[in-house]
Amino acid sequence: MKALSLIALVISCIQVLPLPFWWIELLAHFVTPLCLSALLLIIWHCFKKQKLWAGLTSITLILTSIQLIQFIPLHSNITQTNFKVYNANVLSSNMSHELILKQILLQSPDVITLQEFSPSLKQSLMVLDDLYPYQVLQPRSDNFGIALYSKWPIIEQNILNFKPLKLPTIDALIEAHSLIRVITTHPVPPLNQSMFDARNQHMKELAHYIESKSEFLILTGDFNNTPFAYSFKQFLKQTQLHQARAHNGINATWPSAFNYLGISIAIDHILLSPDLTQFELAVLPSIDSDHRPLFLNVVIP
């Protein structure tokens, strides 16, 4: 147990350092499990009357708790929202198209954004054409197809291809209660150093693009990153966007099979421009993807 406490302490210290290595960033994502582990280890050390180790492990508990404070759920004072967004990484190999469609129809969002959007799913969702006549669709046979469906008119649309891999990002200016810019993106997962650098470059170029926009903005997608990583915090700082997760709970999304065990992580996101301050975020039930969908209710002034 002493060895576990020492490992936990080292990891919790590494998590707050801006080290540019993909394998170190992996340690930053699992703050919630680490916090729970630290609490259990403290109880163990107290039971064994190991005061020094209980004290050292308390440092881990404090460092991880500080990062989790912003996600403590608060009672919502929102009485009525006027804009709803559904976002899901549907998994390109997922053939449970009826389940995806059923959930979308049940939630009845104003805008749908999908990642890993395949040609076969495009065909299955054609029944949405009457409800969502405004569409920007980029189906692909790999894991980087992407789509946006809207009930409201799209008055401007762009397919952005950020370096170095030029994976598609959708930018749509939507005319609803006000002009709302919805962007959805899906950078490559950081499975090695070059992919880590590629993801970060993608997000840096996206941040630069967002800085030039003045409308209400909602950014969705599978970022292959969590709120605890230094690169994610830098993205928020540069864009001035804030998390829909704020005071709505961690709302972990991946891997979906582990959600109920408390060891899933939050790599799917909905971020909002600073002037959108009334919102609620929820994780929806499984659609047989390895990701759980996110659902946003927000007040557009």
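A residue counts as buried under 20% relative accessible area, as exposed over 50%, and as partly exposed in between. Keep that rule at hand for the exercises below, and remember that you are working with a predicted model.

**Exercise 1. Cysteines**

Task: Find how many disulfides the structure has, and decide whether C13 is buried, partly exposed or exposed.

Solution:
- Step 1. Searching the whole structure gives zero disulfides.
- Step 2. Take C13: its nearest cysteine sulfur belongs to C35 and is 14 Å away, and C13 is in no disulfide.
- Step 3. The relative accessibility of C13 is 35%, so C13 counts as partly exposed.
- Step 4. Now try C46. The closest cysteine sulfur is again in C35, at 15 Å, which is too far for a bond. A disulfide would need the two sulfur atoms within 2.5 Å.
- Step 5. C46 has 49% relative accessibility, and therefore it counts as partly exposed.

**Exercise 2. Aromatic pairs**

Task: Work out why the pair of F117 and Y149 is called edge-to-face, and which parts of the chain it ties together.

Solution:
- Step 1. Two rings pair if their centres lie within 6.5 Å, and planes over 60 degrees apart count as edge-to-face. The count by this rule is five aromatic pairs.
- Step 2. For F117 and Y149, the ring centres are 6.3 Å apart and the planes stand at 80°, so this pair is edge-to-face.
- Step 3. Locate the partners. F117 sits in the loop between β2 (111–115) and α6 (119–124), while Y149 belongs to strand β4 (residues 146–150), so the pair ties together parts 32 residues apart in sequence.
- Step 4. Check burial: F117 has 0% relative accessibility and so counts as buried. Y149, also at 0%, counts as buried too.
- Step 5. Try the method on F223 and F235. Their rings are 6.3 Å centre to centre with 70° between the planes, again an edge-to-face pair.
- Step 6. F223 is in the loop between β8 (216–222) and α8 (230–239), and F235 is in helix α8, so this pair ties together parts 12 residues apart in sequence. Both F223 and F235 are buried. Together with F232, they form one aromatic cluster.

**Exercise 3. The nonpolar cores**

Task: Say how many residues the largest nonpolar core has and which of them have the most contacts inside it.

Solution:
- Step 1. The largest nonpolar core holds 26 residues, and F83, I218 and L296 have the most contacts inside it.
- Step 2. Among the elements giving two or more residues to this core are β1 (83–89), β8 and β12 (294–298).
- Step 3. Look at F83 itself. Beyond its neighbours within four places in sequence, its contacts include W152, I180, I218 and L296.
- Step 4. There is also a second, separate core, with 18 residues; V90, L101, I112 and L125 are among them.

**Exercise 4. The open sheet**

Task: Give the strand order of the six-stranded open sheet and say which strands are at its edges.

Solution:
- Step 1. The order is β3-β4-β2-β1-β12-β11, with mixed pairing.
- Step 2. β3 (134–138) and β11 each pair on one side only, which makes them the edge strands.
- Step 3. From one strand to the next, the twist averages 10°.
- Step 4. Zoom in on β3 and β4: they pair in the antiparallel sense over five bridges. One bridge joins Q138 to its partner I146 in β4.

**Exercise 5. A helix residue**

Task: Place W53 in its element and name what it touches.

Solution:
- Step 1. W53 is part of helix α4 (residues 51–68).
- Step 2. Not counting residues up to four places away in sequence, W53 touches K2, S5, L6 and H45.
- Step 3. From W53 to I24 the C-alpha to C-alpha separation is 25 Å, and the two are 29 residues apart in sequence.

Note on methods:
Residues numbered from 1 in each chain as written. Predicted model: local features only at pLDDT ≥ 70, side-chain atom pairs only at ≥ 80, totals over all residues. Heavy atoms only, no water. Helix = DSSP H or I, 4+ residues; strand = E, 2+ residues; numbered from the N terminus. Contact = heavy atoms within 4.5 Å. Phe/Tyr/Trp six-rings, centres within 6.5 Å; stacked < 30°, edge-to-face > 60°. Buried < 20%, exposed > 50% of the residue type's maximum accessible area, 1.4 Å probe, protein only. Core = buried A, V, L, I, M, F, W, Y, C linked by side-chain atoms within 4.5 Å. Pairing = 2+ DSSP bridges. Axes fitted to C-alpha atoms, helices over the stretch in contact; angles between N-to-C directions.
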